[in-house]
Amino acid sequence: MNHLQYIRTLLLGMMALMPGFCFAQDAADSTVLNRLWSHAGEAALPAAPAEQNVYMNYNFHTNRRNFTLWLIPTMYSIASGDRDYIGEFYGRMDLGSGSRLQLNRQLECGTIPSYRDVMPVLMQYMMPSPYNESLYRDLLLSPFHRQNRHFYRYKVYFAKDKECIIHFKPRLNNTQLVRGHAVVDTATGYLKAVVFEGSSDMVKFKNTVMMNTGGDNRLQPAHCTIDASFKFLGNSIKAATAAYYNCPTTLPDSIRDSHDRALMDSIRPVSLTPAQQAIYDRYDREHPGTAPADSTVHRSRSRAFRDFMWNVVGDNLVNSIHATAKGASLRISPLLNPLYFGYSQSRGISYRLNIGARYAWNAHRFLTLSPQLGYNFKLRQFYYKAPLRMTYNPKRNGYAELTWANGNRVNNGKLISDVRQRMGQEFTVPEYKDQYLLAVNNVEAFDWIEVMTGVAYHRRSSTNKALMREVGMQPVYRSFAPLLTLRLTPWQDGPTLTANYTHAFPRVMRSDLQYDRWEFDLAYKRRIKCLRAFNLRVGTGFYTSRNSDYFADFDNFQDNNLVTGWDDDWTGQFQLVDSRWYNESDYYLRANLSYESPLLALTWLPWLGKALETERIYFSALSIEHTRPYFEVGYGFTCRFFSTGIFASFLNTKYERFGCRVTLELFRKW
């Protein structure tokens, strides 16, 4: 029986024998809990060793499955074939920042085709941080942190050998809270072992953790196991994972991406369970003379074609595409991922696709290309943005970037008025398309000042050039504008201040627009205890001179017609502002405020509250020429299926309109 099984048995046995235990007095309870909570400050200190050897194994059992399983990201590999799969790897782990795992898999074995990742979301649960405010990075409020004590109920039972058992359960049923019990050293308050269960991102799990008992890494687990279940649209998958840290064997750096089963058998720190070994044995019987997941087996042409369509074409439709080779890497978001669909009452349905390519000469110089493609079905417009960046000084955020993109199709009230004076009030003025190139260089001149210089070139062309020529208007407008941006962060964890000046020169590269534009912006995100956050954005922009009233174009006050999720920029956007307002005024004053919390209002309601993850309250204000003041108020929440927000707008203190926004959040961390 390994240590984890022993600890699990010990905990369950103690709970069963609870009548024989001595119930603690309130004072004694408080003493033990205060000792436990006192280690929260130590959790902020760097734990040693930062890099260590790690071994993990995992196996999946399919209870039920149907055709919808292949549409779920990362589940494609087990959507057909066997109902039992196993995988294991050995390598090095770097904790990096906080509890974020960075794994270097030197040796990997298993029966999963092509060693693909299946349910990688489970990996984030393998290294909990019990003494932190959240058990995982911004996820699940820890019952072992003093700030969260109001969300849990505790019972302390004293046992023999200077140990006690603390049973904890949430005061309300919510996905950000867990329940379970822990073995604690009565004298010091340190955790020895803990069992907790919860649910997050479509997965229910039970985590059994044995902590290190001494040394600088006593705040980290020694090893842990997870029993998880996933159910969706009739599919039912069971998963079991186990992780062992600080393993004694260190593999040489020359071993990379190895699949040597014999080597794994020789260094594996624990034996496989009989069920896990049975999966290997069955695979070996069905595939004699081949290594698990080996794709070099001789196949007929028809079978090879089916495998190609299933493993290559189909896989890339529902999973992200990854490719790496000698410093180069490529990533394309899945084509059929529902996460990239969104709906707004004012802007309709939209879809986007992200692509990322990177080539690194060394750790200090690399080239990245990150195109973003999207389509808005209501407006019938295709959007693209392709920034090509050369990073030459990561320490100082030094980079040169060239961006080719298109903006929103726009019209200006002044332009429409001028045309209709000539053609009549019933005349329909066509919109203007916007394409632009932006070339900038950015560098952190000092520790708290970044300087960006560059030039922006816009070409705005009418969707009906011939018609605009007939009415005596220009079919194309161009602008060539050098720019200077200063970004200041004078306070640690304080707001970021941005100042931008742009001057457009006429007659440069056929430019016919001249203007001077200023913009100032303040952005501040304040993390508060218990996973709460306060977001603030305040800004203004104005023109000091213009040779034309057409095409007011601000960098920090723009319409966004593509989908953005909960973690993007909902806070910094106006949800119900008419799109024409963005190009009507010589100036703007804006303020966007939001407050978010995992346990705010609807969370406390029965049935509904247990499904909510985070709630958010919005307040926005805007003042532009001829339209002031304008206000928006809103409420939103996110759950494992979607994020939604409802908004109401008020113009000159009178109610104007109501709207909603929805983005799918299915499998957003998968």
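Helices (H or I, at least four residues) and strands (E, at least two) are DSSP runs, numbered from the N terminus. This is a predicted model: local features need pLDDT of at least 70, side-chain atom pairs count only at pLDDT 80 or more, and totals for chains, interfaces and linings use all residues. Residue numbers start from 1 along each chain as its sequence is written, and side-chain values use heavy atoms, with hydrogens and water left out.

**View 1. A positively charged surface patch.** Arg 64, Lys 204, Lys 231, Lys 238 and Lys 610 form a patch of positive charge on the surface. Patches take residues with over 30% relative accessible area and no salt bridge; like charges are joined within 9 Å, and nonpolar side chains (Val, Leu, Ile, Met, Phe, Trp, Tyr) within 5 Å. Lys and Arg count as positive, Asp and Glu as negative; His and the chain ends are not counted. Each charge is placed at NZ of Lys, CZ of Arg, CG of Asp or CD of Glu. Accessible areas come from the Shrake-Rupley method with a 1.4 Å probe; for residues, only the protein chains shown count as cover. Lys 238 sits in strand β13 (residues 235-245). Its relative accessible area is 41%, so Lys 238 is partly exposed. Buried means under 20%, exposed over 50%, and partly exposed in between (1.4 Å probe, protein chains only).

**View 2. Strand β29 and its two partners.** In strand β29 (residues 612-624), 11 of the 13 residues are buried, so the strand is largely enclosed by the rest of the structure. Strand β28 (residues 587-597) runs antiparallel to β29, joined by 10 bridges. Two strands pair if DSSP finds at least two bridges between them. Asn 592 has Ser 620 in β29 as its bridge partner. Strand β30 (residues 627-639) also pairs with β29 in the antiparallel sense, over 11 bridges. There, Ala 621 is matched with Phe 631 in β30. A hairpin joins β29 and β30, with 2 residues between them. His 626, in the turn, has a positive phi of about 70 degrees.

**View 3. Asp 253 and Arg 92.** By the salt-bridge rule (a side-chain nitrogen of Lys or Arg within 4 Å of a carboxyl oxygen of Asp or Glu), the count comes to 18 salt bridges. Asp 253 and Arg 92 form one, with the closest N and O atoms 2.8 Å apart. Asp 253 lies in the loop between β13 and α3 (261-267) and Arg 92 in strand β3 (residues 84-94), so the pair ties together parts that are 161 residues apart in sequence. Arg 92 is buried, at 19% relative accessible area.

**View 4. Asp 521 and Arg 537.** A salt bridge joins these side chains at 3.2 Å, N to O. Asp 521 belongs to strand β26 (residues 515-528) and Arg 537 to strand β27 (residues 532-546), so the pair ties together parts that are 16 residues apart in sequence. Asp 521 counts as buried, at 10% relative accessibility. Arg 537 counts as partly exposed, at 22%.

**View 5. Gly 398 and Arg 420.** Gly 398 lies in strand β21 (residues 398-406). Its relative accessible area is 0%, so Gly 398 is buried. The C-alpha atoms of Gly 398 and Met 452 are separated by 9.5 Å, with their positions 54 residues apart along the chain. Arg 420 lies in helix α6 (residues 413-423). Arg 420 is partly exposed, at 28% relative accessible area.
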